[in-house]
Amino acid sequence: MSTIQFVIEFLGTFAFAISGIRWAAYKRFDWFGGYVVGLATAIGGGTIRDVMLGVTPFWMTNSLYMIFTAAALLTVIVFKKAIVKFTNTWFLFDTLGLALFTVAGLQKTLYEGFPYWVAIIMGCITGAAGGVIRDVLINEVPLIFRKEIYAIACILGGVAYFLCDKLGLDVSLNVIISFTVVVLVRLMAVKFHISLPHLHDADDINSAA
């Protein structure tokens, strides 16, 4: 469990850091600004999770998370033309980071002895909160509050992990299935423009009437 947890968090850190740095580059931040946005994206959700669980934030016990973020910055700098060419690159890395950190949040919460309903919430926070922090830093409306399916994908991934565990499947298989569910839900929602209904204020209702 420990090894799987570390591998997932390191991969998620790299994927989310690239997502954040790519957006920082789009906003024309300097290298330091890009690193800060990438780091906040990568560790933000996990930090909130660990504080709520009452444990030391994961990145404070291992400097590799900082190094992985620096590697992500270097990747964006060196391969900037290729990354810009593929305009959906940020979406790909954001989706991978979302899925990886959702699974990481689930597993860590369960390891700390909390029930599954708490684990699903913490998985959602771990996966989605980093993106919220990123969007605030780059002065965008957080993606989680807009039309795209984002946090819902995390919740469905958590439910899938729960069902797999109840069926007695191996932990590694639980991880793969949960990860796949998050990625597929996110991809299908964007491809087929699936979204939750929008809220309407009183003026919209009156004008419609």
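**View A. The whole chain, read from end to end.** Helices here are DSSP runs of H or I at least four residues long, numbered from the N terminus. With that in hand, the protein chain of this predicted model reads α-α-α-α-α-α-α-α-α along the sequence. That comes to nine helices and zero strands. Of the chain's 209 residues, 44% count as buried. Among contacts with a separation of 6 or more, 73% join residues 24 or more positions apart.

**View B. The largest nonpolar core and the helices that build it.** This core has 37 residues, and those that touch the most other members are Ile8, Phe16, Leu98 and Tyr150. Two or more residues each come from α1 (2-26), α2 (31-53), α3 (64-78), α5, α6 (116-137), α7 (151-166) and α8. Which helix gives the most to this core? The answer is α5, with seven residues. As a general background, nonpolar side chains tend to be buried together in soluble globular proteins. For a look at one of the core residues, pick Ile8: beyond its neighbours within four places in sequence, Ile8 is in contact with Leu100, Val103, Ala104, Gln107 and Val175.

**View C. Asp94, a buried acidic residue in helix α5.** Asp94 belongs to α5, which spans residues 89-111. Is Asp94 buried or exposed? Its relative accessible area is 0%, so Asp94 counts as buried. Once neighbours within four places in sequence are set aside, the contacts of Asp94 are Phe16, Ser19, Arg134, Leu143, Tyr150 and Arg186. Two of these partners turn up in other views: Tyr150 is one of the best-connected members of the nonpolar core, and Arg186 is among the buried residues of α8.

**View D. Gly127, set within helix α6.** Gly127 is part of helix α6, and its relative accessibility of 0% means that it counts as buried. Thr95 sits 32 residues away along the chain, yet the C-alpha atoms of Gly127 and Thr95 are separated by 9.4 Å. Leaving out residues up to four places away in sequence, Gly127 touches Phe16, Leu98, Phe101, Thr102 and Tyr150. Phe16, Leu98 and Tyr150 are also among the core residues that touch the most other members.

**View E. Asp50 in helix α2.** Here is another acidic residue, this time in α2. Asp50 is buried, with a relative accessible area of 0%. Which residues does Asp50 touch, not counting those up to four places away in sequence? They are Val55, Thr56, Pro57, Phe58 and Lys108.

**View F. Helix α8 and its two faces.** Helix α8 runs over residues 171-191, 21 residues in all, and its first and last C-alpha atoms are 30 Å apart, close to the 30 Å expected at 1.5 Å a residue. The buried residues of α8 are Asn174, Val175, Ser178, Val182, Val183, Arg186 and Ala189. Why do they lie on the same side of α8? Because they cover an arc of only 155 degrees around the axis. As a reminder, an α-helix has 3.6 residues a turn, so residues three or four places apart point the same way. On the face turned away from the buried side, α8 carries the exposed residues Ile176 and Lys191.

**View G. The two ends of helix α8.** At the start of α8, the backbone nitrogen of Ser172 has a side-chain oxygen of Asp170 within 3.0 Å. Following α8 comes His193, with a positive phi near 55 degrees.

**View H. Two loop residues with positive phi.** Arg28 is not a glycine, yet its phi is positive, at about 65 degrees. Arg28 is placed in the loop between α1 and α2, and with a relative accessible area of 76% it is exposed. Asn139, likewise a residue other than glycine, has a positive phi near 65 degrees. Its place is in the loop between α6 and α7, and at 66% relative accessibility Asn139 counts as exposed.

**View I. Cysteines without a disulfide.** How many disulfides does the structure hold? It holds zero. Cys124 is in no disulfide, and its nearest cysteine sulfur, that of Cys154, is 4.7 Å away; the cut-off for a disulfide is within 2.5 Å. Cys124 is buried at a relative accessible area of 14%. Cys164 is buried too, with a relative accessible area of 7%.

Note on methods. Residues numbered from 1 in each chain as written. Predicted model: local features only at pLDDT ≥ 70, side-chain atom pairs only at ≥ 80, totals over all residues. Heavy atoms only, no water. Buried < 20%, exposed > 50% of the residue type's maximum accessible area, 1.4 Å probe, protein only. Contact = heavy atoms within 4.5 Å. Expected span 1.5 Å × (residues − 1). Arc of directions from axis to C-beta. Polar contact = N/O pair within 3.5 Å; in protein donor to acceptor, adjacent residues only side chain to side chain. Core = buried A, V, L, I, M, F, W, Y, C linked by side-chain atoms within 4.5 Å.
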